[in-house]
Amino acid sequence: MQSELDAFQNFINDILIRNKSILDQTTKLQDACTHLCRDISKAATTCGCISIHVEKQPYPTKEDLSLEDLKSLMQTHIKGHLCPDCAELLEKEMGRVLFYLGAIANTFDLSLSDILEYEKKHMDLLGKYSLR
């Protein structure tokens, strides 16, 4: 049975006409990532639905601190919640990122589903010790 990710990748393959070049695809992916970052910034600076309070991440030197304790100390630096308009913009740009990532996978005859499964297994194997 075809997964939703496989179906999305096949859809990309069917509709992608203009940006078949790997150079087009990589620059479009980079552009989509740039727009995503810009929209996050604008949610804070233009809309104001979120605010970004940046502080140094607390890396305690206590050797008896567990990874779970360390995880609970780390912060996103985001305060507030996205308004519906900003959430829609972020979803749109994330969709573009996924689209061009799928296009690149198609160019190299790679399966996003297989890549996702590999990454899940890798993360499951390393668990919290992957420290991502």
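**Entry 1: Gln25**

I started with Gln25, which sits in helix α2. A reminder to myself before going on: this is a predicted model. Is Gln25 buried or exposed? I found a relative accessible area of 0% for Gln25, so this residue counts as buried, the cut-off being under 20%. Next I listed what Gln25 touches, leaving aside neighbours within four places in sequence. The contacts are Leu16, Asn19, Lys20, Tyr100, Ala103, Ile104 and Thr107.

**Entry 2: Leu16 and the core**

Leu16 was on that list, so I looked from its side as well. Not counting residues up to four places away in sequence, Leu16 touches Gln25, Phe99 and Ala103. Which residues make up the largest nonpolar core? I noted nine: Ile12, Leu16, Leu29, Ala32, Val97, Phe99, Tyr100, Ala103 and Ile104. Helices α2 (22-47) and α4 each supply at least two residues of this core. With five residues, α4 gives the most. I also found another core lying apart from this one. That other core has five residues, including Ala43, Ile50, Cys83 and Cys86.

**Entry 3: α1 against α4**

I then turned to how α1 (residues 4-15) packs on α4. The two axes come within 9 Å and cross at roughly 80°. Angles of 65 to 115 degrees count as roughly perpendicular, and α1 and α4 therefore fall into that class. On the α1 side, I wrote down Phe8, Gln9, Ile12, Asn13 and Ile15 as the residues making the contact. On the α4 side, they are Leu98, Phe99, Gly102, Ala103, Ala105 and Asn106. How many of the contact residues are nonpolar, polar or charged? My tally is seven nonpolar, four polar and no charged. Ile12 of α1 is worth a second mention, as I had already met Ile12 in the largest nonpolar core.

**Entry 4: two positive phi angles**

Last, I checked the backbone at two loop residues. His77 has a positive phi of about 70°, although it is not a glycine. I located His77 in the loop between α3 (67-73) and β2 (78-80). At 13% relative accessibility, His77 counts as buried.

Asp109 is also not a glycine, and its phi is positive too, at about 55°. Where does Asp109 lie? I placed Asp109 in the loop between α4 (84-107) and α5 (112-126). Asp109 has 71% relative accessibility and therefore counts as exposed, whereas His77 is buried.

How values were computed: Residues are numbered from 1 along each chain as its sequence is written. This is a predicted model: local features need pLDDT of at least 70, side-chain atom pairs count only at pLDDT 80 or more; totals for chains, interfaces and linings use all residues. Side-chain values use heavy atoms; hydrogens and water are left out. Helices (H or I, at least four residues) and strands (E, at least two) are DSSP runs, numbered from the N terminus. Buried means under 20% relative accessible area, exposed over 50%, partly exposed in between (1.4 Å probe, protein chains only). A nonpolar core is a set of buried Ala, Val, Leu, Ile, Met, Phe, Trp, Tyr and Cys residues joined through side-chain atoms within 4.5 Å. Contact means heavy atoms within 4.5 Å. Axes are lines fitted to C-alpha atoms, for helices over the stretch in contact, and angles run from 0 to 180 degrees between N-to-C directions. Angles under 35 degrees count as roughly parallel, over 145 as roughly antiparallel, 65 to 115 as roughly perpendicular and the rest as oblique. Ala, Val, Leu, Ile, Met, Phe, Trp, Tyr, Cys and Pro count as nonpolar, Asp, Glu, Lys and Arg as charged, and the others, Gly among them, as polar.
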